[in-house]
Every structure is written in C-alpha cells, then in structure tokens.
Amino acid sequence: MTTRQLGMNSRLVHGGYHPDGTGAVNVPIYQTSTFAFRDADHGAAVFAGKERGYIYTRIGNPTIGAFEDCVAELENGVGGVATSSGLGAVSTLYMTTLAQGAHLVSTGAVYGPSRGLIENHFSRFGVTASFVDTSTLENLRCAMRSDTRLVYVESPSNPAMQVTDIAGAAEIAHEHGCLLAVDNTFASPYLQQPLDLGADIALHSVTKFINGHADLVGGMLVAKDEDLLAGLRNVMVTMGCNMDPHQAFLALRGLKTLGLRVEQAQAGALTIARWLEAHPKVQRVRYIGLSSHPQHELAKRQMRGFGTMISFELTGGMEAGKRLMNHVKLATLAVSLGGVETLIEHPASMTHAGMSRDAREAAGFTDGLVRYSVGIEDVDDLIADLQQALEAV
Ligand SMILES: Cc1ncc(COP(=O)(O)O)c(C=O)c1O
C-alpha cells in the first residue's frame, strides 16, 4: 500500500510496509547476503528483470527496500537508494552526476567532507567546483558556468544556519540544464520536501533525524524521476556503499517517531533560543524560528517548522566556548545532531578547528559560536543546565 495520500505521521508509521505473509507487524530483518532462486529459469528471469525478485543484498534486500520506500514516500520521490552513511550518499550523488571536467556549484558552508570529497578526490579527475553562499541566489546565479552539471545546496546549513531558497535554486539550475540536489539532513523529511520545491534529488544523513537515536550511521538519496533513480542505484551498487539490513531495520524503527521527536524538540528549541537571546553573555542567536533570523520568512515558506538546531555566539569568544563545553552537564559534548539527546559542540575548537579564523569568518561564524542540537528532554532542565554552565563562562 502507498501512504502518499496520508498525513505525515501516518506515513511515518506505515510507509514502506508490505505484508510478507507471516503476520509480522514490523518489517523483519532479512539478514542474508544472498537469495535462492527456485530454478534456473527463475534465476534467469530475475536477472533479466522479467520477474521481480532479490538477488544479492548489495543490490537489494526487503528490509532495506522497505526503508527506501518509506523515505521516498515522505519525500514525494519515485524511489530511494539507501547507503552505508550520509557520505556514502554524497559520493554516490557525485559519481552519478559529475564526469571528467564537470563543474559543481555548492553551498560554501556545505558539510565539510562533502566539500573535501570534491577538493581532494574528484579534483584528481578534473572536476572543479565553486562554493558560494547560496542563501543569496545572486551568488548562485553568478557561479553558474557552461560546464556546470550539478547544483548541490545544503539548507539549512551548518553551523551558521543559513537557508537557501530551494525553488529559486531549482529555477537557476534548470535554466542552465543542471540538476539540483539538496542535503535535507538538518530539516528532515518531516519539515521540508525539496522535490516538491523543484529539486531533483534529496539527500540525507540518516544518522541524524531520520534514525534519531545516535546508534547508527546511514544515508539516503531520493530521486524525482526513474532514470535518475536507476542511475543513483547503479552507482551505489557498483561502488558497494549499500546499507545493511540491520541498519535499515533500526532506521525504520527510528523513523516512526520522527514527527513526535521533531515536534517536541523544536518546541524546546524555540523556548531555548528566546531565552538565549535575552542572556547577557550571548551576543547573537541563530535559530531560524526567531524573527531576528535573516531568512526567517523564507524558512516559514519552504519548511513546515523551524527544526531543532540552534547556533549561538558567546561574547567571550574562543575561551568562553571551551569553558561552556566543560560546564554543561545534561547536554552531551559530542558532534552529530538530530537525536533524542541534546548535543553541544564548539566548532572553532572542535569540528572546524582545522580552518583558519578568516576562513571560519568567511563561512559566517565566529570563535565564540556554539552549536546546540536540542533533544527531547524537558526544556526546563535544558535551560537550567545552560544557565549554570553560562555562569561559569
Ligand atoms: C548536513 C550533513 N550532511 C551529510 C553528513 C554526512 O553524514 P554521515 O556522517 O552519516 O556520513 C553530515 C554528518 O554530520 C551532515 O551533518
């Protein structure tokens, strides 16, 4: 049964489920590497695509397929390709859409390794790229070239929480005969559907909101049309960056509560963002749900909610950032985001320490910036934790 006509929470609970005849309420873990054929004719028919069937788990598996169908239904795509990690999805995307000599335009603050993959690896095959602040569409328009093949935006982006106009970016990409892919990780399919806004491919680090429990790493690509889907699948299968059935089972289980988790956490995020805005040791809060956020109105138009990610800048800079990390007790000092537990990190001394201060400022954030992924804990407890930690800063 397709769930596309249902509301978001119904899709989350029922999407991708096809009864297997046993009465199992959940999709079982088909923990097998290979699948037996009935006889030689059956094997030949499955290989020739004349009969539906499974061959080998790298190529396809019922548990992984259920997870792919569920996310594809949430994203309103024709199908999904699950990968071993979010970076596996990015690699598959680039391998499918870029060829020797191709040019990519991407968000300047795109997830670091998504940029590194181009600059350190695809560059060896003549791929070039322009990384620009895509929250201003004029920058994207100016970066387009006759050899541009892919526009790849991350919205909202990390850690400056910039929002790109996805419909506008799609128009520019398509005018130039290019594809638009959107890293939808920060919004999750519960809050934003890039394909409905004109994008051709939506990408996720499943590790984050989709799974939501910080207990696996995974990725997903959802395509707008069948040819694109077939191309992505072929590259994923050939590169061997498939998801594992157990990973898919856990991700499907996590996905069922995505709506509940996001609603609880984003209500907390708004309360915390407002509280931080009034705190004397906080210079600036970047939460797209605040009217002070430069792309608040755009986010309101293209998202169903403002999400759970907050960045805030401490007046005390680098030292204040480190001190805050050492004094929080409830929030966990760790990278990643989108889980049930609140995570905190200090980009200038941790994830982005390898960048020069000038490069960090060009990417839109200062040494005192703190990234806070709000979980589903009671908001009063989270505020009390921040209060006591900020007193020590
Ligand atoms: C926005 C974004 N995209 C992609 C990735 C890569 O995902 P993974 O860590 O699952 O490989 C991350 C990881 O942090 C991310 O934050």
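**Strand 6 and the ligand site**

Okay, let's start with strand 6: Ile 201, Leu 203 and Ser 205 point one way from it, Ala 202 and His 204 point the other way, and all of them are buried. Just so everyone knows, this is a predicted model. Strand 6 covers residues 201–205, and with 5 of its 5 residues buried, we can call it mostly covered.

So who sits beside strand 6? On one side of the pairing list there's strand 5, residues 179–183, which pairs with strand 6 in the parallel sense over 3 bridges. If you want a spot to look at, find Val 182, which stands opposite Ala 202 in strand 6. Then there's strand 7, residues 219–223, which runs antiparallel to strand 6 and is joined to it by 5 bridges. Here the spot to look at is Ile 201, standing opposite Ala 223 in strand 7.

Now, the ligand. There are 13 residues around it, and the ones that come nearest are Leu 87, Asp 183, Ser 205, Thr 207 and Lys 208. You've already met Ser 205: that's one of the residues on strand 6.

Let's go through some polar contacts. The side chain of Asp 183 has an N or O atom 2.7 Å from a nitrogen atom of the ligand. For Thr 207, a side-chain N or O atom is 2.6 Å from a ligand oxygen. And Lys 208 has a polar side-chain atom 2.8 Å from an oxygen atom of the ligand. On its own, the ligand has 390 Å² of accessible area, and the protein covers 90% of that.

Last bit: what's the shell around the ligand made of? It divides into 4 nonpolar, 6 polar and 3 charged residues.

Methods:
Residues numbered from 1 in each chain as written. Predicted model: local features only at pLDDT ≥ 70, side-chain atom pairs only at ≥ 80, totals over all residues. Heavy atoms only, no water. Near = heavy atom within 4 Å. Polar contact = N/O pair within 3.5 Å; in protein donor to acceptor, adjacent residues only side chain to side chain. Areas by Shrake-Rupley, 256 points an atom, 1.4 Å probe, with all protein chains shown as cover. Nonpolar A, V, L, I, M, F, W, Y, C, P; charged D, E, K, R; others polar. Buried < 20%, exposed > 50% of the residue type's maximum accessible area, 1.4 Å probe, protein only. Helix = DSSP H or I, 4+ residues; strand = E, 2+ residues; numbered from the N terminus. Pairing = 2+ DSSP bridges.
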